[in-house]
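Here's a quick briefing to read alongside the model. Have the sequence and the 3D view open as you go.

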Amino acid sequence: MSADRDISKVASSNGTVPAAAAPTTGVGKAATWADDRLGLAAMGKKNLRKIFPDHWSFMLGEIALWSFVVLLISGVFLTLWFKPSMAEAPYQGSYAPLRGIEVSEAFSSALHISFEVRGGLLLRQMHHWAAMLFIAAMMIHLLRVFFTGAHRKPRELNWVIGSLLLLLGTLEGFTGYSLPDDLLSGTGVRAADGFIKSIPIVGTYISFLLFGGEFPGDSIIPRLYTIHVLLIPGLLLALIAAHMLLLVYHKHTQWPGPGRTETNVVGYPMLPVYAAKAGGFFFITFGVTALMGGLLSLNSVWKFGPYDPTKVTAGSQPDWYMGWPDGALRIMPGWESHFWGSTWSWNIFLPVIVLPGLLFTVLLVLPFIESWVTGDKREHHLLQRPRNAPTRTATMVALMTLYAMFWMAGGNDLIAIKLHASINQITYALRALVFVAPVIAFIITRRWCISLQRHDNETMLHGYESGLIVRTPEGAFHEKHLPLSEKQIYTMTVRDRGRVGDDDAIDENGKQTLRNKIRALYYDDDVQKPTVEELEEAHEHAEHEAHALTALEGIPPRGELEGSPDEPVQPGH
């Protein structure tokens, strides 16, 4: 600073009185008190800066989460006007075709919400669409998790929680669409009564207690309402909270790539990036659900009319997520047994009570079965491409095919009508396909994955097709191949080579154990990734190929090629 500079304009606050912090407000004191005892500041700083990877497939879980939020918002609105009572009175509302007909208070209030409450029909339909979207998103999210290996250690418990969420979401959907007490939902409740009564010995007692007497009783709607708005939502909230806490504790999985390892996470922090994206995605989910609720009509209870036990809606179908046990019921042979004066209805008990319980149990224990077969006890935070685990991928595709066959059987009557076919022939065909189709799907999927592994190796070693046809001096034509970038090769080679874990010892009879035999099926046909020597040799050849192409206009040498095999370089003009 020069000696002649004028300092008379310096702020007076820079005087002899030291600067002091602003006085602490009541809110600040309360925050300090809480932080001294709970450590909220340190915990918040750590978690609000937590890193989350970014990939489109991760949004499937977010769709399920935000759909559940839409369910809560719309459900609270509906509870303000819905009356869960089976007491009957003449309908006096605005829907003229039903005026004067004896209906339950539950059905009357559903009509009141639909026609007389401002925005009621929109919120009713948003609630229903959000329920369907919630279950669909959970299903697809579970598939993504399994196909990419995100269910492995240490996330087995989170897989169990997700499976329980799917089960509870299905039950929540059933209790929800049973509440309006219209002819369609009443038919579903009547079917549920038959399912319960099929349970040997105790089924009739359970039905009597649940319905408060002989069907339909006067208690089922209030009890389903309590289950729908209190019990299951509470369990769902608890499980979702546990699911999110474990997600944060274990850190998010990520796709392999340069800089991504089993010990780090590459992505964006919770604040501000991820929170802003998640908030925006909620409004997208809410907006799409609102559009569906406003433009796509469903569950038009006024068309079905009030429930009458003497009537059944022609062509009645449950919501899609309940279609597969209905299909199993339809194709089950009419097996019954008589013991000690009682009838055991296997044709209902097995497909509706035993089968869903069995398949959900299989779903729950899939991570533990795979861990036992492979012997892999390591922690995994990098995802796998489905093709790199052919047996696992084929197993889930087989289960999906089994689900699809049962689901098709749930509409066997409509299929017969639309195709002008015999419903008996369709039923007999589906009885066979539920056993045959999953096996065929397993074999095809597994071989397909193995073929894709071979294709990956071929692409890494010899490059991808450039679309350039070159004629040699001898007159022969062949297509030039261009090498992958080092980033792509690195990503494709981040996987195990050979088996993981140790085989069991030979048993006392000198034969392989069951686990070793299953491991052989799981691993032995896998195509191993190229060795370092094979890649180096292939790259030397690729260098020669790439420089040979520099003579052709528009084709750069290797090193400048960062394209994808799905985006071949275009030939020059």
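Is E370 buried or exposed? E370 is buried, because its relative accessibility is 9% and the cut-off for buried is under 20%. Keep in mind that this is a predicted model. The points below start with the salt bridges, then move on to the cavities, a hairpin and a surface patch.

**Salt bridges: the buried pair**

- In total, the structure holds 13 salt bridges.
- E370 has R392 as a salt-bridge partner, and their closest N and O atoms sit 2.9 Å apart.
- This one ties together distant parts of the chain, with E370 in helix 13 (residues 346–374) and R392 in helix 14 (residues 390–409), 22 residues apart.
- R392 counts as buried too, since its relative accessibility is 3%.

**Salt bridges: one buried partner, one partly exposed**

- D456 and R385 make another salt bridge, again with 2.9 Å between the closest N and O atoms.
- Here the distant parts being linked are helix 16, where you'll find D456, and the loop between helix 13 and helix 14, which holds R385; the two are 71 residues apart.
- D456 is buried at a relative accessible area of 8%, whereas R385 is partly exposed at 26%.
- Elsewhere, R190, D193 and K197 are joined into one network by salt bridges that share partners.

**Salt bridges: a partly exposed pair**

- D54 pairs up with K277 in a salt bridge, the closest N and O atoms being 3.0 Å apart.
- The two come from distant parts of the chain, 223 residues apart: D54 is in the loop between strand 1 (51–52) and helix 3 (59–79), and K277 is in helix 10 (residues 270–295).
- Both ends are partly exposed: D54 has 46% relative accessibility, and K277 has a relative accessible area of 41%.

**Cavities**

- Look inside and you'll find two cavities of 30 Å³ or more.
- The largest cavity holds about 310 Å³ of space.
- It is lined by 23 residues, and the closest to its centre are R152, Q384, R392, D496 and Y523.
- So R392 turns up twice in this briefing, as the buried partner of the salt bridge with E370 and as one of the residues closest to the centre of the largest cavity.
- Two elements give two or more residues to that lining, namely helix 13 and helix 18 (514–523).
- Helix 13 is the top contributor to the lining of the largest cavity, with four residues.

**Hairpin**

- Strand 7 (residues 464–471) and strand 8 (residues 477–482) run antiparallel and pair over five bridges.
- One place to spot the pairing is R471, whose bridge partner in strand 8 is F477.
- Strand 7 and strand 8 make a hairpin with five residues between them.
- In the turn, check G475, which has a positive phi of about 100 degrees.

**Surface patch**

- On the surface, a nonpolar patch is made up of F435, V436, I440, I444 and W448.
- Together these residues have about 570 Å² of accessible area.
- I444, one of the patch members, lies in helix 16 (residues 423–462).
- Helix 16 also carries D456, the buried partner of R385.

How values were computed
Residues are numbered from 1 along each chain as its sequence is written. This is a predicted model: local features need pLDDT of at least 70, side-chain atom pairs count only at pLDDT 80 or more; totals for chains, interfaces and linings use all residues. Side-chain values use heavy atoms; hydrogens and water are left out. Patches are made of residues with over 30% relative accessible area and no salt bridge: like charges are joined within 9 Å, nonpolar side chains (Val, Leu, Ile, Met, Phe, Trp, Tyr) within 5 Å. Accessible areas come from the Shrake-Rupley method with a 1.4 Å probe; for residues, only the protein chains shown count as cover. A salt bridge is a side-chain nitrogen of Lys or Arg within 4 Å of a carboxyl oxygen of Asp or Glu. Buried means under 20% relative accessible area, exposed over 50%, partly exposed in between (1.4 Å probe, protein chains only). Two strands pair if DSSP finds at least two bridges between them. On a 1 Å grid over the protein atoms alone, a cavity is a set of points where a 1.4 Å probe fits but cannot get out, and a pocket is an open set with protein on both sides within 12 Å along at least five of seven lines; lining residues have an atom within 4 Å of a point. Grid points are joined across faces, edges and corners, and a volume is the space filled by probe spheres set on the points.
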